[in-house]
Amino acid sequence: VRVMVIDDSPTVNRITADALLAAGYQPVITGSMEEAMAGDTIDSVAAVIVDIILPGMGGLEGIARLRAAHPGLGIVAMSTGDASMDAGHLLQAARGTGADAILQKPFTSDNLEAAVRQALDAVADTGKRKTRILVIDDSRTIRAAVEGMLAADRFKVQTADSFEQALAAHEIVGVD
């Protein structure tokens, strides 16, 4: 499975590529959103890992464009934050632009692999993105019952016992 890494840091690209190779993926490295979107390379990958803070077209705009142009693409947003906004806020913003998973730098190879897996799981075998449904209820029984009714090949169901928990959970991203 080919996974594109879009980051302007050669060090991050090397570390991420090594971790992806060790996990059995085929990394494709690019240094900018413009480079990633040029040509047809993006059509040959199953997922992308996008740094949010990039020169030129930023990661948030890039994620929104990728989601619109390639709805079957798994998207992982990653960031360390910057002087104006911390990583948590940037990653929350990435959720709303269409990221399937988020990853805070620095990350471990296990965190990276889990995020890529989560992004790939968001895409059905048909190549279409699964409809993501969030069930929020303070009753575990109700959450389980609704999840059981909705769980199907075309739905990805996530649950939380409160709105606050849903906002804080890194695994709950871009619900439909």
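**Exercise 1. Determine the order of strands and helices along the protein chain of this predicted model.**

Solution.
- Start with the counts. The protein chain has 7 helices and 7 strands.
- Now read along the sequence. The pattern is β-α-β-α-β-α-β-α-β-α-β-α-β-α.
- Add the confidence of the prediction. The mean pLDDT of the protein chain is 84, and 86% of the residues score at least 70.
- Locate the extremes. Confidence is highest in β1, at 96, and lowest in helix α4 (residues 87-97), at a mean of 70.

**Exercise 2. Describe burial, exposed surface and contact range for the protein chain.**

Solution.
- Burial: of the 176 residues, 42% are buried.
- Surface: about 8,800 Å² is exposed, and carbon and sulfur atoms supply 53% of that area.
- Contacts: take those with a separation of 6 or more. Residues 24 or more positions apart account for 66% of them.

**Exercise 3. Work out the strand order of the open sheet and name its edge strands.**

Solution.
- The sheet has 5 strands, in the order β2-β1-β3-β4-β5. Its pairing is parallel.
- The edges are β2 (26-30) and β5 (101-104), since each pairs on one side only.
- From one strand to the next, the twist averages 20°.

**Exercise 4. Trace the pairing of β3 with β1 and with β4.**

Solution.
- Begin with β1. β1 and β3 pair in the parallel sense over 4 bridges. On this side, Val-3 stands opposite Ala-47.
- Turn to β4. Strand β3 (residues 47-51) runs parallel to β4 (residues 74-79), and 5 bridges join them.
- Place two of the partners in β4. Ala-47 has Gly-74 as its bridge partner. Ile-49 has Val-76.

**Exercise 5. Decide whether β3 is enclosed or open to its surroundings, and sort its residues by direction.**

Solution.
- Recall the rule. In a regular strand, side chains alternate between the two faces of the sheet.
- Apply it to β3. Ala-47, Ile-49 and Asp-51 point one way, and Val-48 and Val-50 point the other way.
- Check burial. 5 of the 5 residues of β3 are buried, so the strand is largely enclosed by the rest of the structure.

**Exercise 6. Find which residues of helix α3 are buried, and explain why they line one face.**

Solution.
- List them. In α3 (residues 59-69), the buried residues are Gly-59, Gly-62, Ile-63, Leu-66 and Arg-67.
- Look down the axis of α3. The buried residues fall within an arc of 130°, so they line one face of the helix.
- Bring in the helix repeat. An α-helix has 3.6 residues a turn, so residues three or four places apart point the same way.
- Check the face turned away from the buried side. That face carries the exposed residues Ala-68 and Ala-69.

**Exercise 7. Examine the surroundings of Gly-59.**

Solution.
- Gly-59 is found in helix α3.
- Its relative accessibility is 0%. The cut-off for buried is under 20%, so Gly-59 counts as buried.
- Leave out residues up to four places away in sequence. Gly-59 then touches Val-50, Asp-51, Ile-52 and Leu-54.
- Take one distance. The C-alpha atoms of Gly-59 and Ile-49 are separated by 9.8 Å, and these residues are 10 apart along the chain.

**Exercise 8. Identify the strands that helix α1 lies across, then examine Asn-13.**

Solution.
- Helix α1 (residues 10-22) lies across β1 (2-6), β2, β3 and β4. It runs at about 165° to β2.
- Asn-13 has its place in helix α1.
- Asn-13 has a relative accessible area of 8%. Buried means under 20%, so Asn-13 is buried.
- Set aside its neighbours within four places in sequence. Asn-13 is in contact with Val-5, Asp-7, Ile-29 and Thr-30.

**Exercise 9. Determine whether the peptide bond joining Lys-105 and Pro-106 is cis or trans, and place Pro-106 in the fold.**

Solution.
- Start from the expectation. Most peptide bonds are trans.
- Read omega for this bond. The value is about -10°, and the bond is cis.
- Place the proline. Pro-106 sits in the loop between β5 and α5 (109-121).

Conventions: Residues numbered from 1 in each chain as written. Predicted model: local features only at pLDDT ≥ 70, side-chain atom pairs only at ≥ 80, totals over all residues. Heavy atoms only, no water. Buried < 20%, exposed > 50% of the residue type's maximum accessible area, 1.4 Å probe, protein only. Arc of directions from axis to C-beta. Contact = heavy atoms within 4.5 Å. Areas by Shrake-Rupley, 256 points an atom, 1.4 Å probe, with all protein chains shown as cover. Pairing = 2+ DSSP bridges. Axes fitted to C-alpha atoms, helices over the stretch in contact; angles between N-to-C directions. pLDDT = per-residue confidence, 0-100.
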